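Here's a chain worth a slow look, with the sequence and the fold side by side. Have a scroll through both before reading on.

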Amino acid sequence: MAQAVDASKNLPSDPRNREVVFPAFGDPQLGNLETPVNSSPLIKGFINNLPAYRAGLTPSRRGLEVGMAHGYLLFGPFAKLGPLRDTGNANLAGLLGAIGLVVVLTACLSLYSNSNPPKALPSVTVPNPPADAFNSKESWNNFASSFLIGGIGGAVVAYFLTSNLALIQGLFG
């Protein structure tokens, strides 16, 4: 088997010897590469459907979606892996920890918005980034304030679902 692999290294007709990584947009000076992963239709479809790149959303809507996902997902590690995980107040500690981290992340977004960030550049995965999404301090601040509301809301929903799990399981069998 090893001899067959060694013999195929010098055969240009072997598909394993094809070039699969190219410079993005054919320009090697951009510093970006087009690989089978970042240029595949599946990955492009997934990335382009994320709230940051989806066309037609306002910065507030983008912030709500991103905040809700972060608040919902941050609750679990704080509640189930935190120092109060074996107490009756584990879910409350998870809620407060997730809200605290969302507040810190919102402060970081606000600081970033005041640093005059550059506009999004086209890439292999996102050839047409939304031009109206993050083009001013006001849009970044709208994103950050909506992120705060969505993050707190996502953490509260996760807390509600976890705290009332027995009731929810009783309703659905």
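What follows is a walk through the annotations, the helices and a few single residues.

First, some housekeeping. This is a predicted model, where local features need pLDDT of at least 70 and side-chain atom pairs count only at pLDDT 80 or more, while totals for chains, interfaces and linings use all residues. Residues are numbered from 1 along each chain as its sequence is written, and side-chain values use heavy atoms, with hydrogens and water left out.

**What the record says**

An unreviewed UniProt entry carries the annotation "domain: Photosystem I PsaL reaction centre subunit XI" over residues 21-166. UniProt positions are given in the numbering used here, feature names are shortened, and annotations may be inferred rather than shown by experiment. In the model, residues 21-166 are 58% helix and 3% strand, and the end C-alpha atoms of that stretch sit 52 Å apart. Helices (H or I, at least four residues) and strands (E, at least two) are DSSP runs, numbered from the N terminus.

The unreviewed entry also lists residues 90-112 and 143-167 under "transmembrane region". Here is how those two spans look in the model.

| Span | Helix | Strand | End-to-end C-alpha distance |
|---|---|---|---|
| Residues 90-112 | 100% | 0% | 33 Å |
| Residues 143-167 | 96% | 0% | 35 Å |

**Helices α4 and α5**

How far should the 24 residues of helix α4 span at 1.5 Å a residue? The answer is 34 Å, and the end C-alpha atoms of α4 (residues 90-113) are indeed 34 Å apart. The expected span of a helix is 1.5 Å times one less than its number of residues. Helix α5 passes the check too: its 27 residues should span 39 Å, and its end C-alpha atoms are 39 Å apart.

Next, what's tucked away. Buried means under 20% relative accessible area, exposed means over 50%, and partly exposed is in between (1.4 Å probe, protein chains only). On α4, the buried residues include A90, N91, G94, L95, G97 and A98. They pack against α3 (59-81) and α5 (137-163), where contact means heavy atoms within 4.5 Å. On α5, the buried set includes W140, F143, F147, G150, G151 and A158, and the buried residues of α5 pack against α3 and α4.

**How α3 sits against its partners**

Two packed helices are described by the angle between their axes and the distance between the axes. Axes are lines fitted to C-alpha atoms, for helices over the stretch in contact, and angles run from 0 to 180 degrees between N-to-C directions. Angles under 35 degrees count as roughly parallel, over 145 as roughly antiparallel, 65 to 115 as roughly perpendicular and the rest as oblique.

Helices α3 and α5 pack at about 40 degrees with their axes 5 Å apart, so they are oblique to each other. Their crossing is right-handed; a crossing is right-handed if the near helix is turned clockwise from the far one by less than a right angle, and left-handed if anticlockwise.

For α3 and α4, the angle is about 130 degrees and the axes are 7 Å apart. That makes α3 oblique to α4. This crossing is right-handed. On the α3 side, the contact is made by G71, L74, F75, F78, A79 and K80, and the α4 residues in it include A90, N91, G94 and L95.

**A few residues up close**

G154 is in helix α5 and is buried, at 5% relative accessibility. Its C-alpha atom is 7.2 Å from that of G67, although the two are 87 residues apart along the chain. Not counting residues up to four places away in sequence, G154 touches M68, G71 and Y72.

S139, also placed in α5, is buried with a relative accessible area of 5%. With the neighbours up to four places away left out, S139 touches P59, A133 and F134.

K80 lies in helix α3 and counts as partly exposed at 48%. Beyond its neighbours within four places in sequence, K80 is in contact with R85, N91 and T162.

Finally, two backbone oddities. F25 is not a glycine, yet has a positive phi of about 55 degrees. F25 sits in the loop between β1 (22-23) and β2 (33-34) and is exposed, at 53%. N116 has a positive phi near 60 degrees, again in a residue other than glycine. N116 lies in the loop between α4 and α5 and is exposed, with a relative accessible area of 61%.
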